[in-house]
Every structure is written in C-alpha cells, then in structure tokens.
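This report goes through one protein chain, from local contacts to the overall composition. Please keep the sequence and the 3D view open while reading.

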Amino acid sequence: MQRGGVKVLIVILVILIIVAGVVLAYKITQDKSNTETISEEPNNEPVPVEEKQVQIYSGNDRPIAVMIDNHNGAWPQAGLNQAYMVYEIIVEGGETRLMALFKGVDLEKIGPVRSARHYFIDYAMENDAIYVHFGQSPQAQSDIKKYSINDINGIAEDGTTFWRVKDKSAPHNAVTSTAKLLESAKSKNYRTTSTEESVLNYVTDEVNLEDGQSANTITIPHSDLQTVKYEYDEENKVYVRYARGEEQIDWDTEEPVTTKNIIITFCDNYTLSDKENKGRQGLKNIGTFDGYYITNGKAIKIQCIKNARDEKTVYQDMNGNEININDGNTFVNICPTDAAVEIEGTEDTTSTNTVVNE
C-alpha cells in the first residue's frame, strides 16, 4: 500500500474511534438520566391503612380481678364502670358477688372488696388475672394453693394495700386502688404483664345482631333475693344496671353503672356440705351451657363452653361459630338453669324458663 493510502486509513480509524466514544458517552449519559428520573418518580404503591385497635382490652398489663361486695349495705360500689368484664355469681344466702376485671387503668378506689369464693377463681384463671380479695372461704383457700394462684388477700396485707372508709360499716367498707395492688404484686414477685388473648372475641366493627330478638329490658333473677335488671339506653347504646329495683350508681361519680354487652349463662349452683355449715355454694360450670348474648338492643341465643376450670370459656352462636363481641365492657351474669329470665323488646315480652343439664 502506498504511503498516502496508509495515512487515509489511519485518519478513518481515528474518526471511527472518536465517533464510537461519543456514542458510548451519550448512551451512558442517557442511562444515568433515565435512572435518576425513575428514582425521582413518586411511589404509587398503596399506603396501608392503619388497622383499628380494640380499646377495651389492649396493652400488656396483666388483668387484676377484684372481688366486689354486692350486699345492699355495700352499695354503691366503686370501679365497676372501669372494669372490662364483671362476673356476677350466686353466693350463700341468695346474695350475689361480683368479680371485676381491670386492665391498664389507674383507679384511686375500688370496692368494697369482699372475700373469695372458689368458683370465681376459675374466671380469674381464664383471664390470667391476679386475684384480689379480703378474706376467703375454706374452699377458696384450698384452691388458691392448689392452682398456685397469684392472689392478694387483704386480711394478710400490711395495712396499706387496703383501707377501711368511714361512710360504710364493716364488713362492707374495705377498699383498695390499682396503684396499691400493683405495689403489692411487685413485692410478691408476681408477673404484672401478660400476652394472653382476651376470653371474649372483641371486634372493632359494630356488632348489631341483625337476626336477634329485640332486647330493651332484661330481667335476671339470680335468686329470690337478688334480681338484676338492665334497661337499654338507645342514645348511648349501653344498658343501665338495676339491682333489687334500685339503679346502680358509682360510689364517687354517682354516674349510672352501664354496660355495652351482657352475657347470660344458665348454670346451676348447689349448697356445699362442710363443717362450717354456712350455706356456701358450689357451681356446676364445667360443660356446655345455654345462654344469651345481648348488645345494642338485640339478643341471640348462645352456648357457653368451659372444658376445664383453668381453660377459657368459649361463647358460640347456635351454628357453632365463636361470637363477635362489641368493643366495650361486659357483664357476665351466671344464673340457675331454671331462672325465669325475661327479655323484653319494644312491643313484646319473651320469657325464658329453660331447664338444662337436668
């Protein structure tokens, strides 16, 4: 090849290299620009909506179950409106006693506090609660030891956890507070937190029991002495509680005692035969029992299933599905199977006198 031709070829090669470099640089610049553009585009993925949380039973505070005196000499009581659940069960003499369960609340006065009965321990256990009482029956004393119950007994305390007030007479005047109970629990090395789920299947969406019967007035005769009545407050969607014809009010605020939910369990009690012969009661509460769930002016029939003393009660509808419970406080009334419970609607009255577990 001639010398001039070689020069031409070299020039061409140089030009090609320059062009290739320009093209490569352009491509790199465009790729970087596209990458930056993509990264600057907003994230169009849907933002998850924050789920509603149940309010009545939340947090990891361990529940505290307090035995509340329900003799008319103890009325009015303090703290019932702040309890997430209250159990009412027959005791000796036709009286009933209440066990109020508290979780994550700060109350300066709870009471009057009264003595333990052994079958209430079943419901303290299923709620994973510290059990609080002022005295105890022999059967309760035995079961507290048998089941290793974390209990706080006012009679055995140092005089600061409980105190007696002057506006009521003994034995209906012993009271306590959540702060004092927690101090006592910590001094006994009791666990004060819990990850246990609630006994009740609370939901955040309103439960209206569309297929239920109308339930504006509910009358529950626990005995010849103690009859409870609930009247529906349609404006506030709660039930106002009455006992022996008297409206129940809070000791300090004088506000009416109300509940969002009512559960009735038909379950027989019986008189114990013991050396003290005081007519103390037992409760046949292991098995499947008829009942009602009542909320928002409606009632449905349910079954209440408790397979062991330390197992949670399961509340099911008549199709075998666990019922949903409105996010609010609940009174659980456990009454005899032959109790003539009345559920009255706006226009009709339905009397229930069903005998089960014969």
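Two residues are said to be in contact when heavy atoms of the two lie within 4.5 Å. The model discussed here is predicted.

**The loop residue E255**

E255 sits in the loop that runs between strand 13 (246-247) and strand 14 (258-259). With residues up to four places away in sequence left out, E255 touches N81, Q248, I249 and D250. One of these partners, N81, is 174 residues away from E255 along the chain, yet the C-alpha atoms of the two are separated by 9.1 Å. E255 counts as partly exposed because its relative accessibility is 47%, and the partly exposed class lies between the limits of 20% and 50%.

**Strand 3 and its partners**

Strand 3 (residues 96-102) is largely enclosed by the rest of the structure, because seven of its seven residues are buried. In a regular strand, side chains alternate between the two faces of the sheet. For strand 3, one side carries T96, L98, A100 and F102, and the other carries R97, M99 and L101; all of them are buried, so that both faces are covered.

Strand 3 pairs with strand 1 in the antiparallel sense, over five bridges. Within this pairing, L98 of strand 3 is the bridge partner of I68. Strand 2 (residues 85-90) also runs antiparallel to strand 3, and six bridges join the two. Here M85 has L101 of strand 3 as its bridge partner. Strand 2 and strand 3 form a hairpin with five residues between the strands, and in this hairpin G93 takes a positive phi near 75°.

**Helix 3 and helix 4**

Which residues of helix 3 (residues 138-146) are buried? They are Q139, A140, D143 and I144. Seen down the axis of helix 3, these buried residues fall within an arc of 135°, so they line one face of the helix. The face turned away from that buried side carries K145 and K146, which are exposed. The cover over the buried residues of helix 3 includes helix 2 (120-126), strand 4 and strand 5. Just after helix 3 comes S148, with a positive phi of about 50°.

In helix 4 (residues 178-187), the buried residues are T178, L181, S184 and A185. These residues are on the same side of helix 4 because they cover an arc of only 125° around the axis. On the face turned away from the buried side are the exposed residues K186 and S187. The buried residues of helix 4 pack against strand 1 (64-68), strand 4 (130-133), strand 5 (151-153), strand 6 (162-164) and strand 7 (174-176). N189 follows helix 4 and has a positive phi, near 60°.

**Cysteines and the surroundings of T265**

How many disulfides does the structure hold? The count is zero. A disulfide would need two cysteine sulfur atoms within 2.5 Å. The table gives two cysteines, each with its closest cysteine sulfur and its relative accessible area.

| Cysteine | Closest cysteine sulfur | Sulfur distance | Relative accessible area |
|---|---|---|---|
| C267 | C304 | 9.0 Å | 2% |
| C335 | C267 | 9.1 Å | 1% |

The sulfur of C267 is too far from that of C304 for a bond, and the sulfur of C335 is too far from that of C267. C267 counts as buried, and C335 is buried too.

T265 belongs to strand 15 (residues 261-266). Is T265 buried or exposed? T265 is buried, because its relative accessible area is 7% and the limit for the buried class is under 20%. Leaving aside neighbours within four places in sequence, T265 is in contact with F289, D290, G291, C304, Y315, N333, I334 and C335.

**The chain as a whole**

The chain contains four helices and 24 strands. It has 358 residues, of which 49% count as buried. Taking contacts between residues at least 6 apart in sequence, 63% join residues at least 24 apart. The area exposed by the chain is about 18,700 Å², with carbon and sulfur atoms supplying 48% of it.

Note on methods: Residues are numbered from 1 along each chain as its sequence is written. This is a predicted model: local features need pLDDT of at least 70, side-chain atom pairs count only at pLDDT 80 or more; totals for chains, interfaces and linings use all residues. Side-chain values use heavy atoms; hydrogens and water are left out. Buried means under 20% relative accessible area, exposed over 50%, partly exposed in between (1.4 Å probe, protein chains only). The arc is that of the directions from the helix axis to the C-beta atoms. Two strands pair if DSSP finds at least two bridges between them. Accessible areas come from the Shrake-Rupley method with a 1.4 Å probe; for residues, only the protein chains shown count as cover.
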